[in-house]
Amino acid sequence: MNMELSRRQFLGAAGAGVAATALGALGFGEIEAAHAEAIRAFKLVSTTETRNTCPYCSVACGVIMYSKGDRKKGERAEIIHIEGDTDHPTNRGTLCPKGAALLDFVKSETRLKYPMIRKPGSDRFERVSWDDALDRIARLMKDDRDANFIQKNKDGVTVNRWITTGFLAASATTNETAWETYKVVRSAGMLVFDNQARV
Amino acid sequence: MSTDKDYHVGKGDSVHPGKPVTVDRYTGGARINHWITATSLVLLALSGLSLFHPRLFILSALFGGGQSVRAIHPWVGVILFFSFLGLFLRFWKLNLWKREDGTWLARVRDVLTAHDERLPEIGKYNAGQKLVFWSMSVLIVVLITSGVVIWDQYFAAYTTIEQKRWALLVHSIAAILAISVWIVHVYAAIWVRGTIRAMTRGYVTGGWAWRYHRKWLRELVAKSPTKDTKRTAAE
Amino acid sequence: MTNSWTDIKNTDLVVIMGGNAAEAHPCGFKWVTEAKANRGARLIVVDPRFTRSASVADLYAPIRQGTDIAFLLGVINYCIQNEKVQWDYVKAFTNASYIVKDGFAYKDGLFTGYDEAKRDYDKSTWDYVIGVDGYAVVDDTLANPRCVWNLLKAHVSVYTPEMVVRICGTPKDKFLKVAEMIGECSSPSKAMTSMYALGWTQHSKGSQNIRAMAMLQLILGNIGVRGGGMNALRGHSNIQGLTDVGLMSNLLPGYLTLPNEKEVDLETYMSTRGFKPLRPNQMSYWQNYRKFFVSFQKAMWGPAATPENDFAYDWLPKLDVSGYDILRAFELMNQGKMTGYFCQGFNPLLAAPNRKKVTESLSKLKYLVTMDPLDTETARFWENHGEFNDVDSSQIQTEVIQLPSTCFAEDEGSLTNSSRWLQWHWPGGTPPGEARTDNWIMAQIHVRLKELYRKEGGAFPDPIVNLDWAYADANEPTAEELAKEINGKALATVYDAADPTKVLAEAGKLVPGFAALRDDGSTSSGCWIYSGCFNENGNNMARRDTSDPDETGTYPKWTFSWPANRRILYNRASADLNGKAWDPSRKVIEWDGAKWAGYDVPDIAPSAKPADVGPFIMNPEGVSRLFSRGMMRDGPFPAHYEPFESPVGNLIAPKVRGNPAARVFAGDFEQFAETASAEFPYAATSYRLTEHFHYWTKHVRVNAVLQPEFFVEISEELAAEKGITKGGWVRVWSKRGSIQAKAVVTKRIKPLICDGKPVHVVGIPLHWGFTGAAKKGFGPNSLTPFVGDANIETPEYKAFLVNIEPIAGPVA
Amino acid sequence: MFPPVPNPTTGPQSPKFGEKDLIRRSASTVTPPAERQTEVAKLIDVSKCIGCKACQSACIEWNDTHPELETNTGVYENPHDLTPDMFTLMRFTEWENPETNNLEWLIRKDGCMHCEDPGCLKACPAPGAIVQYSNGIVDFVHENCIGCGYCIKGCPFNIPRISKVDHTAYKCTLCSDRIAVGQGPACAKACPTQAIVYGTKEEMKKHAEGRIADLKSRGFENAGLYDPPGVGGTHVMYVLHHADKPEIYAGLPNNPKISPIVEAWKGATKYAGLAVIGVAAVSGFLHYLVNGPNRVSEEDEEAAERFTGDRSS
């Protein structure tokens, strides 16, 4: 190990990557040999890298996700490791205890996989298809909007507001999702609209 | 009818007149007990030594590798402990120190040069055997105690690391001594011909008893019933 | 943040107050460590608890939660009394010399114009004297007793060190040391940075906490300079973005505001916006308001927004109240006035105050829709989890639809961090099961609703059916399409206003930035302040150039920083009236005789002469405000008010309870413990721990391991008094609820002596609930009061009253 | 800023060190390499540490361990101790400085120190279960480990832990797999404040000097480097604000060395022991050569017959 190399790599010498691959042909066997006794095989070898941003706090540290399979090639991609991006000016590769455990967020056992519906009075969720869930939502919205939309206030001023259905926007969705959400919510005339800025 | 002399003879010891005279020295139970102890002691020595010195690690192969040595050794230790406890209960009385033992010991030169005629008459055990008995008793207690302290798989939580360090040291030293005592024990049995038979067949010849443990023989004869069934060496 | 995380390395003094950067923003805190290690910067932490930030501080001063204004006005008073003022800066760049209307006064904790019934002010006197020339009257000598500076001097004079100590419980020597260290930063060659977060915002006077420090920073001349600034650490990864894009009841994107129902048409609406300059030569940038508004309307409704229909002005809903924030939403729900509610990645059951009220409110809905990658408590508010969620499902008639969304690793787009950097990220993993992106989900909702209106007609369908939805795939707009829409497009060719021969943007092209936006409908832009993020140069948010000339920490080519890729706001203020840097070693931009140039994009017209044009271009004055005119609901100066639940009365104005201008709903006043309550004697505060992030990471095995179980923190003194043992169980209850927790007994919390009597602090971390990998637990919000900040309604999570007792253990 | 740990490259690479660089191998001898690799070290600056546990998190993720979910026992340490699945642990101490009366929250990252003279390796009976590379890394080789726990007794810092699952010893590897391919340890890369830095031991010592100077300027006269000579120095070092009393940092040993008991056991006893056994065996053998067997003579038998005969006729 010598720091010269690591500094070079930090400066992002793309060549290093190439060189490493070139070494691969003869180098890989060596790794196996060397690892046979003690040193674990480097687990990121021949994984796909993807740049992302930590979704937690607003320091917004750069992270690199390592996956088996490449989404860009339309493959199924399974993320096997996430660590800080040293090229990122703010975090310089460092991560906090949350960021350093992002893999377990992606793979959390309580990640949601299917749309669910809980009927009034029921004590459980039941799985539904996306179509049924979304049609149901649109129907519920329209019925409420049609029933409670206020076009003019008592002074006859056009107010076009809908205040019986509200929307609580997230805090980790992208700006693009936020903008799309804004369009959808405002165009429907919703005023009960807030985000997590306050909490 | 027990007298103060009784404790020179063991349960089941008896003499059979004839040509040659035979003398029962160990019952079947005693012999089984002894051999269990012996086997476990050997296994312990071998497995223990494999962890004691790198050069001897090869011995662990006999047990299927270091992991199994680590797993087996303490359990064999437990077997040894209880098995030896059996021997102890059988023989501790007979191994109590006697006046003549001092004299015998004082003439150890004659012992080693086989001038048994110059030695005092000895009961069932001579001082040497008694020393082996008592040292083994002490060492095995030390070994089992220190052994439990370093039996991390089950007892790690009960002692400090410093205590475990001491235990390791004590355990290895005690083991060395035990092995040495064992060597003496085994050698003596080989050197004094006719001894091993006592632990294999359970009896010795009258001559053997007369030569090495005359006092024991006298007492056996004294307490033996007036008539005794003859037995030939042929049996 | 006015500055950026990386800029903090340039500071000489870091004041962490109202936040806990080391604990909540460790990787940002790195730059504090760098400043300490490389330029000998000092770190001050002022907090009720000895936090992780305090563990590496040079000076820690304890303070009772909710008394920050008293502390800060105390420091301002110290600076004024001890001449620790950067005079040139204050005179040139603040409204210190502006003359205030005669009617304005402050007495007994109230400013002029208070209406107790409305809990609101008539702010007409909170303004400058306007001269015959239509400009504000100023007195550069600061001799006029009615000038802002003299009013401020008088206003803070009551906050003597003695008074601060009585109110805050801070030991006098510690307070004076803090004031002294801060005072040193009035030198132009020294910069102090303020790092704050929800420790300041989550109070009934949160906005004024921040104003108080902002005023101090102006007096020290630390705004706009490298290593200075007001740096809001912010909470979630894109809370800055969601606020910028205006996802709030009363906002339009880019901090434009939604019309209220008095603003019957576009002209009336504009009449109260687009300010004219209050001093000669000033830029008063909001003069461009109409351009941004019209471009927004075009981005919403495209061709359907025409000059004839006031660019679809009427299609925007009009407010009848100040806003429908989360607290009002749950109040309305609780009154049975709401039918449906959507939670897009938000967990109000745990995140909103007074959980009992929240549960009751959700139970009164007809339908609730949640969209989240994780199984939130809110989605299961109807499910019985014993003591952790003791509800009767059969009695709850709310229909709940839970939609699985993708997480960061599986979607694409930009997030805006607290440095105002818009950073693009790429998807690297395949979503689990049938999880879909939020873009797809929102599109589906719109498309299906629109379809129903097309088929069935119904209440005023126009804004829905005419919503501009020209995406390649109407079912799932791509992040790129949306980003371009946010940046803005030239619908007709746009020419330079100064030189009509010069084309700024060809028709159909993306606009280069907001300077190209027009108010005639020839441009569109979803969020003007983001304009420039994705222009004809490409996706600037995806830039990864790490160059940083002279290592100033600017990183001008890394992603995109709003506005206009500017890294330090008000950076013109880093230079004096001649355009030279106050501190040559801290140069950001300088006037080279013809234009402004330097490391950063000038926050001023490049040709604006330094002596003529003030640095605070968004203000019609061109200067910053020590006196905020009518901009704040609760006063043009901050004043000390106790929390609504307080262990001691208001020593400044005994008659005033809480913030007199804060909104309190009818039912909620009864739910406050009275001041110095014997029933609820302890001052509680809620906060985050470094091992967890809000209510997400309890779903993350590793973080659950690092901090597995809910606990509260108390001092050794209180523990002894109550017979509470380390690691033992306690019950903590307020007037609104009760929780059970393990007790962490620590030296890091000490009783504070306030006005002669000890105040015990009870610390209550959040993070636990009844779903996820960690042990089931409660959160502080079963206890917190249902009241918010007077200006922006952030709930008062940081200061409330509780009682505590040891218990055998939770009843299973 | 100290040069951060570089991003990994995903292409196959030849390892920077391996078998050929062993300088010590437990219960066996190795022929040391012709030239020693540059010694590496991890420097933990306690005065920069904010106790965020990012190191623990990164360690778990990189090494794919699965620590148990415990409970809160009134302290911040979680897990409560090092375990076979938790190679590093933040230890928190609330210390009131008698000189200043200020509270100091001392937070120390505990874990393997990678001693130059490793007690674990000295105590280990299994050939090749513990190895030391010429760059200073002390690593456990699980295929060779027999789970005897001798390393625990040998370690002056109470670091190794035996897994109840596979009965082998676990501890920090200094991320040998990362270092082998020119990376730094996962904890060092993650550490938000660079309280953990990694490089050559010389670089680390130089970096420490600067840190110590800064601490002295802040009134910590006794700030210093913890690189205990008792174990020949370590490849994980601390910068302490109170280097004069390391014990206040959750019992960091003051001048640690391999326990004399272990030295005695693994030193003198080992040889003396075999000697004793040898002597016993040999002397028996010689005695036999000299004296031959000790036989019962005919006379003895007759005497016995006579004796028993008299009594029983």
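Domain bounds are taken from an automatic or database domain assignment. In chain D, this assignment yields domain 1 (19-258) and domain 2 (264-312). The C-alpha centres of domain 1 of chain D and domain 2 of chain D are 55 Å apart.

The structure is a predicted model: local features need pLDDT of at least 70, side-chain atom pairs count only at pLDDT 80 or more, and totals for chains, interfaces and linings use all residues. Residues are numbered from 1 along each chain as its sequence is written, while chains are lettered from A and ligands numbered from 1 in the order in which they are written.

Chains A and C share a sheet. Helices (H or I, at least four residues) and strands (E, at least two) are DSSP runs, numbered from the N terminus. Two strands pair if DSSP finds at least two bridges between them. Strands of a sheet pair through backbone hydrogen bonds, either parallel or antiparallel. The sheet is open and has seven strands, in the order S5(A)-S4(A)-S14(C)-S13(C)-S12(C)-S8(A)-S9(A), with mixed pairing. Strand S5 (126-127) and strand S9 (193-194) of chain A stand at the edges. Each has a single partner strand, so one side of each has no neighbour in the sheet.

Within chain C, strand S12 (residues 340-344) and strand S13 (residues 367-372) run parallel and are joined by five bridges. There, C:Tyr341 stands opposite C:Leu368 of S13(C). Between the chains, S4(A) and S14(C) pair in the antiparallel sense, over three bridges. A:Arg118 has C:Val400 in S14(C) as its bridge partner.

A helix lies across this sheet. Helix H4 (residues 130-148) of chain A crosses strand S4 (116-118) and strand S8 (165-168) of chain A, together with S12, S13 and strand S14 (399-404) of chain C. H4 of chain A runs at about 130 degrees to S14(C). Axes are lines fitted to C-alpha atoms, for helices over the stretch in contact, and angles run from 0 to 180 degrees between N-to-C directions.

Contacts between chains were then counted. Two residues are in contact if their C-beta atoms, placed from the backbone, lie within 7 Å. Chain C has 139 residues in contact with 108 residues of chain A. Helix H16 (residues 438-456) of chain C gives the largest share of the chain C side, 10 residues. That side divides into 73 nonpolar, 45 polar and 21 charged residues. Here Ala, Val, Leu, Ile, Met, Phe, Trp, Tyr, Cys and Pro count as nonpolar, Asp, Glu, Lys and Arg as charged, and the others, Gly among them, as polar.

The contact between chains C and D takes 34 residues from chain C and 32 residues from chain D. Helix H2 (26-39), helix H20 (701-706) and strand S29 (738-746) of chain C each supply at least two residues of the chain C side. H2(C) gives the largest share, seven residues. By class, this side of chain C has 16 nonpolar, seven polar and 11 charged residues.

Some backbone features fall in loops. The peptide bond from B:Lys19 to B:Pro20 is cis, with omega near -10 degrees. B:Pro20 sits in the loop between strand S1 (14-16) and strand S2 (22-24) of chain B. A:Ser46 is not a glycine, yet has a positive phi of about 50 degrees. A:Ser46 is exposed, with 12 other C-beta atoms within 10 Å. C:Asn354, also not a glycine, has a positive phi of about 50 degrees. C:Asn354 is buried, with 26 C-beta neighbours inside 10 Å. A residue is buried if 20 or more other C-beta atoms lie within 10 Å of its own, exposed if 12 or fewer, and partly exposed in between, with C-beta atoms placed from the backbone.
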